[in-house]
Every structure is written in C-alpha cells, then in structure tokens.
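Trainee: Could we go through this structure together?
Mentor: Certainly; please bring it up.

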Amino acid sequence: MIRLSAHDLGCVRGGREVFEGVNFTVAAGEALAVTGRNGAGKTTLLRLIAGLLEPAHGRLELTGGAGEATLAEQAHYLGHRDALKPALSVLENLQFWGAYLGDKDASIAAGLTALEAVALDGLAGLPAAYLSAGQRRRLAIARLVAAPRPIWLLDEPTAALDTASQERLADLMRSHLAGGGIIVAATHGPLGLDGVKELRIEPPVYPLRGGEKPAP
Amino acid sequence: MIPLRAILLRDMRIAVRIGGGALIGVLFFLVVVTLMPFAIGPDLALLRRIGPAILWLGALLASLLALDRLFAADHEDGSLDLILMGAAPLELTVAAKGIAHWITTGLPLVLAVPVLGLLLDLDPLAIGTVALTLLVGTPALTFIGMIGAALAVALRRGGLLLPVLVLPLTVPVLIFGVSAAETAIIGPVTFGTPFLILCALTLMSLVIGPFAAAATLRQGLD
C-alpha cells in the first residue's frame, strides 16, 4: 500500500522562507486538500512533492511505491500551465503525454477514451490553439487518465471549469482514490469529495524592515 | 525508448506544422549568402575562393536562429516541468530534442547548399565538399548551441544572450569545417586531416551537449 508523508518540510526561495514545519501523511485512497491564503506556498508545496524544487530542510517519504521509480516518476503534476502545444491536435497532445509520462505507446482508442472522460472526444482532431481556457484545462486533466500514475498533484484543479466539468473531475478523482491512488490538491473551493484531509499552510509574516519574523 | 521517440516525433511535428524552424532557417541562409556577392562585388574568382567560408558562416548563423526556442517554448507552457518528471533520463530526452532540432533546421541547410553554391560559382566538387562538411558539422552546432539554449531558460530573458554565449564555442567547428571544405578548392592540406578533427568535434559535442544542457536545466528549476 502506497503512502506519502512529509516530515518537517521547509522551503526557502530567493533567500525567503516560504513555509516551514509542514507535516502530513496521505495513504492510498486518501485525498489531501492544501489550503491557505494567496502566496502561502500551496503551489510551492506541490512542486516540492513533484521534485521540481528542493526542500530546504525536512524530507518527503514514499513507501510502497513501484520499485525503483522516484516520487516524481510516480506523480502527475497538474499546474497552472497546461503544457499543451497549440500546433498539435487535441489527440496528439494527449497521446504525446501518454507516451512520454506513461512509457507506453498510446493507441488512438486509449486516447479517445481519456478524452471521453473529460468530454472532449468531439474535438479530438482540432488544434489545441483553438481551445478555450476550460477546454485546455480539461485536456490537461485527460493526461491524468491517459498515463496512469498513483499520485496526483493538482494545483487549483477546478479553475476555469464549468459545473458539469467539475462534476466529471470529481468522478475521476473518486475512481482514482477507489483504485488506491493518492491526491494532493491545492484548492480554495470544495473538491467535491468526501472525507478529504485538510492541510493549512500559514506563511511566516515579514515586516517591512529587517526581514525578521515577529514573535507569535 | 518510447518516451524518447514520442518527444522526437512531437518536436519534429511542431517544427513542420508552424513552418517556422525549417523554412525560416533556410530563408535566412539564402538571404545571407545572396547578400555576400553584393557586399564583395562581382569578382567570380574571389567568390569562388571564399565561397565555402560564406556558406559555413551563413549556416552557422542560420542554425542559431531557431535555437533559443529549443527549451524556452517548453518552459513557458509548463511542458518542461512534466518532461523533468518523466521516467526517461533528462540527458537522453535533451539529446532527442537536439536530434529533432537538427533534422528540422540543420539538415535543410545542408540540402540547400547545392542551390546556394551555384550563386557563389562553386564547382560540383567544392559544393559536394561543403555539403559534406556541413552535414558532419551542423550537429555539433546544434548540440553546442543547446547548452546556450538551456542557459537562456535558466537565466530567463536569455534569448539575446544565446548568440553571445554560443558563438565563441562554435569557433573550432567553424575553423575545421571551413578548412576541410577549402581543401577541395585550394589545398594544400589533405582533406582528411581537418575533416577528421571536425568529426571528432561533432562526436564530442554529441556527448557533452546533452549532459551540460540537462545539468543546466536541473539547476534552473524554479
């Protein structure tokens, strides 16, 4: 059984402490909602888990994962930027990430199934340049389905999605959790899931002068 | 192998679709080579004499043209983050991107040489030699340039910095490429000596380029 935990995690960027002392544990089938004000470091925490940033102190631990694969290789990161190429069609974008992240040849049928999960199958041949913000988001979400990985790191997953799409995303997340997956989502709103753990990040306060942290 | 093939095909497809990479480089090459006779004058003997150097300089500048987009495009749309999270080693992924870039921008330059050589009144043997040296030398330009392209991403707004960083590193390639190409016209050195050194430079850059670029990209994470 897969389990992801953080011990006393801290991050410093540009000489400034973003957060410190973050602890959490998520096991298979559990979702963790990371909340906090704008600029609290939610995205930073997700990027830290994704291996795109180095922690200043503390450590991340993954137990029960697939053999030699690192944490980053078993995680999906759905960031603010959708990682889509405007020159490629919707299906080609999806098939590329399916092959690159999933390490298996993505058949057209598998691509269409993933597109169906986000109700984009009607636009498979359209260049991604013509998609709206919400449709781009849905195509990025289809990536999670096309290349199965146990840990989903979602940064504001519901941004730009309409109600029906949010419902579909919640269904996808539910079936991912039911299959023994882990979700860590930075969010301001409800995820539409039951029994979500919450992790609230409080950033240190910086006064105008000195940069010393005031006593709590 | 599947991730590497996927990224190779994707990059080639994008370059062909937008029509930017391949065509713009060749057009730039054409413009540079066409302008030279206007600047130098209609002295056919002189043009024939410096033709290989002009073709090499033109190819060098043209191959730099599309290079700053090599990683910057992936960085801007967030693809680079996901590429870093792939199971394939970053060095190999970077090498696959370099190969795709060479096929779409370097190879067309080589194919354009027979046409542009005529503009400089080169004989078939000289054209063949220049094309051969460019075929061997342009991969080195791409793979040396990718280090600069990775630095441009890590340093941000580094697009203008790229030629300044990369051009000095390409000097050895230029020297041995031109001297190998010129043996066909003036001699007296045998073709083999500079050509083999050019081959060695290319092989070295094929190894060093991906490692240096991958290390730079990892350092430049934000």
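Mentor: We shall discuss confidence, then the fold of chain A, one helix, and the contact with chain B.

Mentor: This is a predicted model, in which local features need pLDDT of at least 70 and side-chain atom pairs count only at pLDDT 80 or more, while totals for chains, interfaces and linings use all residues. Residues are numbered from 1 along each chain as its sequence is written, and chains are lettered from A and ligands numbered from 1 in the order in which they are written.

Trainee: What pLDDT does chain A average?
Mentor: The average for chain A is 85, and 94% of the residues score at least 70. pLDDT is the predictor's confidence in each residue, from 0 to 100.

Trainee: How many helices and strands has chain A?
Mentor: Chain A has five helices and eight strands. These are DSSP runs numbered from the N terminus: helices are H or I with at least four residues, strands are E with at least two. From the N terminus on, the order is β-β-β-α-β-β-α-α-α-β-α-β-β.

Trainee: Which elements of chain A have the lowest and highest mean pLDDT?
Mentor: Helix 3 (residues 108–117) of chain A has the lowest, at 84, and strand 6 (residues 151–155) of chain A the highest, at 92.

Trainee: Next, helix 4 of chain A: how many of its residues are buried?
Mentor: Twelve of the 14 are buried, so helix 4 of chain A is largely enclosed by the rest of the structure. Buried means that 20 or more other C-beta atoms lie within 10 Å of the residue's own; exposed means 12 or fewer, partly exposed is in between, and C-beta atoms are placed from the backbone. Among the buried residues are A:Arg136, A:Leu139 and A:Val145.

Trainee: What covers them?
Mentor: The cover includes strand 5 (75–78), helix 2 (90–102), helix 3, strand 6 and helix 5 (163–178) of chain A.

Trainee: And over chain A as a whole, what share of residues is buried?
Mentor: Of the 216 residues of chain A, 39% count as buried.

Trainee: Turning to chain B, how many of its residues are in contact with chain A?
Mentor: 19 residues of chain B are in contact with 25 residues of chain A. Two residues are in contact if their C-beta atoms, placed from the backbone, lie within 7 Å.

Trainee: Which element of chain B gives the largest share of that side?
Mentor: Helix 1 of chain B does, with nine residues. Helix 1 (2–18) and helix 5 (79–84) of chain B each supply at least two residues.
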